[in-house]
Amino acid sequence: LRYPPSAYVTGLLVPKGGQIRVDRQALHLLGVRHVAEVEARDTPEGALFEPAALVAAISDMLALDHGQGASSSQQWDPAPSRGSPSP
């Protein structure tokens with residue numbers, strides 16, 4: 001890449017309680033500032049975000065990027081989330 005990863009990705013939305021393992025420490029080292037777990041449901045094709053929860057999470061993440069604050073669940077928490085590997 002010509003630029004660091006943080007030039008392309010500053011936030012990540014993942015299904016809450018899903019099988020995607022999120023290493024928050026590694027993402028933070030790459031410059032990903034916001035990781036949000038969003039309500040989702042399992043389908044035969046995989047996890048499907050709940051529309052209202054997805055819209056709210058995107059809104060919160062945009063507010064964080066613009067310095068307007070957001071709900072506490074969207075703020076950076078360096079502690080690994082459930083199912084995340086330890087650093």
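Let's start with the largest pocket, which has a volume of about 160 Å³. Keep in mind as you look at it that this is a predicted model. Going around the wall of that pocket, you meet Pro 15, Lys 16, Gly 17, Gly 18, Gln 19 and Ile 20, and then Ala 40, Arg 41, Asp 42 and Ala 47. Which strand gives the largest share of this lining? That would be β3, residues 40-43, with three residues. As for chemistry, the lining is a mix: four nonpolar residues, three polar ones and three charged ones.

Now step back to see the chain around the pocket. You'll find two helices and four strands in the protein chain, and walking along the sequence you pass them in the order β-α-β-β-β-α. The chain has 87 residues, and 21% of them count as buried. On the outside, the protein chain exposes about 5,900 Å², with carbon and sulfur atoms supplying 56% of that area. How much of the contact picture is long-range? Taking contacts with a separation of 6 or more, 48% come from residues 24 or more positions apart.

Next, the charged pairs. Side chains of opposite charge can pair when their charged atoms come close. How many salt bridges turn up in a search of the whole structure? There are two. One of them joins the side chains of Glu 39 and Lys 16, at 3.4 Å from N to O. Glu 39 sits in the loop between β2 (34-38) and β3, while Lys 16 sits in the loop between β1 (11-15) and α1 (24-30), so this pair ties together parts that lie 23 residues apart in sequence. Are these two buried, or partly exposed? Glu 39 is partly exposed, at a relative accessible area of 41%, and Lys 16 is partly exposed too, at 44%. You've met Lys 16 already, as one of the residues lining the largest pocket.

The other pairing brings together the side chains of Arg 41 and Glu 50, with 3.6 Å from N to O. Arg 41 is another name from the pocket lining, and its relative accessible area of 44% makes it partly exposed. Glu 50 counts as partly exposed as well, at 29% relative accessibility.

Glu 50 also takes us to Ala 40, a residue of strand β3 that belongs to the pocket lining. Ala 40 and Glu 50 are 10 residues apart in sequence, yet their C-alpha atoms are 5.1 Å apart in space. What else does Ala 40 touch, once neighbours within four places in sequence are set aside? Its contacts are Pro 15, Ala 47, Leu 48, Phe 49 and Glu 50. Of these partners, Pro 15 and Ala 47 appear in the lining of the largest pocket. Ala 40 itself is partly exposed, with a relative accessible area of 23%; the cut-off for buried is under 20%.

One last stop is Arg 33, found in the loop between α1 and β2. Its C-alpha atom is separated by 5.4 Å from that of Thr 10, although the two residues are 23 apart along the chain. Arg 33 counts as partly exposed, at 42% relative accessibility.

Conventions. Residues are numbered from 1 along each chain as its sequence is written. This is a predicted model: local features need pLDDT of at least 70, side-chain atom pairs count only at pLDDT 80 or more; totals for chains, interfaces and linings use all residues. Side-chain values use heavy atoms; hydrogens and water are left out. On a 1 Å grid over the protein atoms alone, a cavity is a set of points where a 1.4 Å probe fits but cannot get out, and a pocket is an open set with protein on both sides within 12 Å along at least five of seven lines; lining residues have an atom within 4 Å of a point. Grid points are joined across faces, edges and corners, and a volume is the space filled by probe spheres set on the points. Ala, Val, Leu, Ile, Met, Phe, Trp, Tyr, Cys and Pro count as nonpolar, Asp, Glu, Lys and Arg as charged, and the others, Gly among them, as polar. A salt bridge is a side-chain nitrogen of Lys or Arg within 4 Å of a carboxyl oxygen of Asp or Glu. Buried means under 20% relative accessible area, exposed over 50%, partly exposed in between (1.4 Å probe, protein chains only). Contact means heavy atoms within 4.5 Å. Accessible areas come from the Shrake-Rupley method with a 1.4 Å probe; for residues, only the protein chains shown count as cover.
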